[in-house]
Each structure stands twice: as structure tokens, then as C-alpha cells.
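Work through the exercises below with the model open. Try each task before you read its solution.

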Amino acid sequence: MSRVRVHNFSVSLDGFATGEGQSLDAPFGHAGGRLHDWFLRTRTFHDVQGKTGGGTGVDDAVARTWNEGVGAEIMGRNKFGPHRGPWEDHDWTGWWGPNPPFHTPVFVLTHHPRPSVEMEGGTTFHFVDATPQEALRQAREAAGDLDVRIGGGPGTVRDFLAADLVDHLHVAVVPILLGRGEPLWDGLEGLEKRFRIESVTTPGGVTHMTFTR
Ligand SMILES: NC(=O)c1ccc[n+]([C@@H]2O[C@H](COP(=O)([O-])OP(=O)(O)OC[C@H]3O[C@@H](n4cnc5c(N)ncnc54)[C@H](OP(=O)(O)O)[C@@H]3O)[C@@H](O)[C@H]2O)c1
């Protein structure tokens, strides 16, 4: 059966995967770009942006695997955008412009479903009000033989981990202290017992941890 994977998921030393106060001007709240500086410097990110350059060290080698063999993504509504509650209009189609980097079906979990949106380049956003298990069933059907990526944010990753639906989790522990925000690990005591864990720390001070079963 296809695997369920999380990649390039950045967490502060104190376990927060986004800051407080998410908004249109601050997608990661008070964390700003601090969680993802390491990723923005990689060639992988430059490639995604259609740009040349970027680092090719260990950070890049780890980051590069995020899209290999992935046939669908599931994300939470707060990753898709800064809006809360019922949609006021349907003009918002995500942070990523007309041609988002997913190039697959993307299932956006929300209690406020709306019509699917087909973007350029093969990305279609489907809005589903469903349990993690049901969302995964739909994503697997869309992905065929390929894997399903859980794209975040932390609330969604946490729910899929709590439901024991994740086969591969890559967390990038970044040496910053956010103090507040949305935690990744809450309610997941003993998670380590379900996985084989490997880690490597890069010269920039980021520790890449992979949890695999
Ligand atoms: N650190 C990283 O690598 C990383 C990666 C991706 C994103 N992020 C950041 O993470 C933040 C978003 O994370 P988050 O934890 O706040 O939220 P999230 O996981 O993106 O979304 C949570 C929301 O999705 C909806 N939802 C989740 N499960 C559902 C279900 N089973 N059924 C129906 N609706 C469901 C609910 O919204 P409604 O009730 O409003 O519909 C819920 O409030 C953003 O700041 C984003 O930039 C960080």
C-alpha cells in the first residue's frame, strides 16, 4: 500500500511549527521566516521557484525527497490560507500563485467545504470535511500507486500522528526558540516507540530527524 509521508516539517527547539498570530502579512505569525531559512537556501527550493542557484549540501539532499513518488497531498485549512470561519469569497486560491508546486490533487481539510479549484500545472484543491481516515482514503484513491504527503500545518500533522496514519515523518529541528505558537508534539507522548529514528545535524545547526516504520 502507498505510504503516508511528512517532509521538511520545521519545528523550533521548543516544539512549535508556526508562530502566534498567523495572518495574510505573516503566514507563520511571529516566527516570520525563521523556521524555514534553512529550506529557502536549498537548491530544492530554488528549483520549486523556477530559479537557479541554492545550496547543495545535506540540507538540500534531505529536502529534495519531499516530492518523489507523491501522488496527492492533504493539508489543513490554515496552511491553505489565513482565513478562519466561513469563506467570505472564493477568490483566495492559496499562497502559491496560479501554478502551485504540488502538481497533484490536494485535499484541504476544512469544516467549511467549497467547490474544488483547478489550478495550472496539475494541482487541484479539493475541500473536504472528513476524519483523517476518510481524507486519507480519498487521497489514496487520487494518488493511485503513489504516496500521500501530509503537508501540515502542525494541527493536521498532529492529528494524523495521533491516529497512527503516518509512515514516514521528516522533522527539521531548527535552533530557535519561539516561545509560543502552534505545537507539533502535544498529545503524542510515547510516539518514539512506533518508529525507527535517525538524525543528522548539518553545519547550519538544523537537525534532520526521520521517523520511519
Ligand atoms: N513548520 C512547517 O514546516 C509548516 C508546514 C506547513 C504549514 N505550516 C504553518 O502552519 C500553520 C497552519 O497550521 P495549523 O496547525 O494552525 O493549522 P492546519 O493544520 O493547517 O489547519 C487546521 C484547520 O484545518 C481544519 N481541519 C483540520 N482537520 C479537520 C478535519 N478533520 N475536518 C475538518 N476540518 C479540519 C480546521 O479548520 P476550519 O474549522 O476553520 O475549517 C482546522 O482549524 C500556518 O502558519 C502554516 O504556515 C508550517
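**Exercise 1.** Find which residues H170 touches, leaving out those up to four places away in sequence. Then decide whether H170 is buried or exposed.

*Solution.* Keep in mind that this is a predicted model.
- Step 1: locate the residue. H170 sits in strand β8.
- Step 2: list the partners. H170 touches V6, H7, N8, F9, W38, V62, H208, M209 and T210.
- Step 3: look for a polar contact. The H170 side chain reaches the backbone nitrogen of N8 at 2.9 Å.
- Step 4: classify. H170 has 1% relative accessibility, so it counts as buried. The cut-off for buried is under 20%.

**Exercise 2.** Identify the members of the largest nonpolar core that touch the most other members. Then trace which elements each supply at least two residues of this core.

*Solution.*
- Step 1: pick out the best-connected members. The core has 29 residues, and I74, I150, V157, F160, L161 and L169 touch the most other members.
- Step 2: map the core onto elements. Strands β1 (4-12), β3 (70-76), β4 (105-109), β7 (147-152) and β8 (168-174) each supply at least two residues, as do helices α5 (132-143) and α6 (154-162).
- Step 3: examine α6. Its buried residues are P154, T156, V157, R158, F160 and L161.
- Step 4: follow L161 outward. Beyond neighbours within four places in sequence, L161 is in contact with V166, L169, L188, L191, R194 and F195.
- Step 5: check the backbone just after α6. There D164 takes a positive phi of about 60 degrees.

**Exercise 3.** Work out which residues come nearest to the ligand. Then determine how T18 is placed, buried or exposed.

*Solution.*
- Step 1: survey the shell. Of the 26 residues around the ligand, T18, P27, T110, H111 and T156 come nearest. The shell divides into seven nonpolar, 15 polar and four charged residues.
- Step 2: place T18. It belongs to strand β2 (residues 16-18). T18 counts as buried because its relative accessibility is 6%.
- Step 3: list its protein partners. Beyond neighbours within four places in sequence, T18 is in contact with P27, F28, L35, P154, L178, R180, G181 and E182.
- Step 4: find the polar contacts to the ligand. A polar side-chain atom of T18 lies 2.7 Å from a ligand oxygen atom. A polar side-chain atom of R77 also lies 2.7 Å from an oxygen atom of the ligand. A backbone N or O atom of A130 lies 2.8 Å from a ligand nitrogen atom.
- Step 5: assess the cover. Taken alone, the ligand exposes 940 Å², and the protein buries 86% of that.
- Step 6: assign the shell to elements. β1, β2, α4 (77-80), β7 and α6 give two or more residues to it.

Key
Residues are numbered from 1 along each chain as its sequence is written. This is a predicted model: local features need pLDDT of at least 70, side-chain atom pairs count only at pLDDT 80 or more; totals for chains, interfaces and linings use all residues. Side-chain values use heavy atoms; hydrogens and water are left out. A nonpolar core is a set of buried Ala, Val, Leu, Ile, Met, Phe, Trp, Tyr and Cys residues joined through side-chain atoms within 4.5 Å. Buried means under 20% relative accessible area, exposed over 50%, partly exposed in between (1.4 Å probe, protein chains only). Helices (H or I, at least four residues) and strands (E, at least two) are DSSP runs, numbered from the N terminus. Contact means heavy atoms within 4.5 Å. A residue is near a molecule or strand if one of its heavy atoms lies within 4 Å of it. A polar contact is a pair of N or O atoms within 3.5 Å; within protein, one must be able to donate a hydrogen and the other to accept it, and residues adjacent in sequence count only if both atoms are side-chain atoms. Accessible areas come from the Shrake-Rupley method with a 1.4 Å probe; for residues, only the protein chains shown count as cover. Ala, Val, Leu, Ile, Met, Phe, Trp, Tyr, Cys and Pro count as nonpolar, Asp, Glu, Lys and Arg as charged, and the others, Gly among them, as polar.
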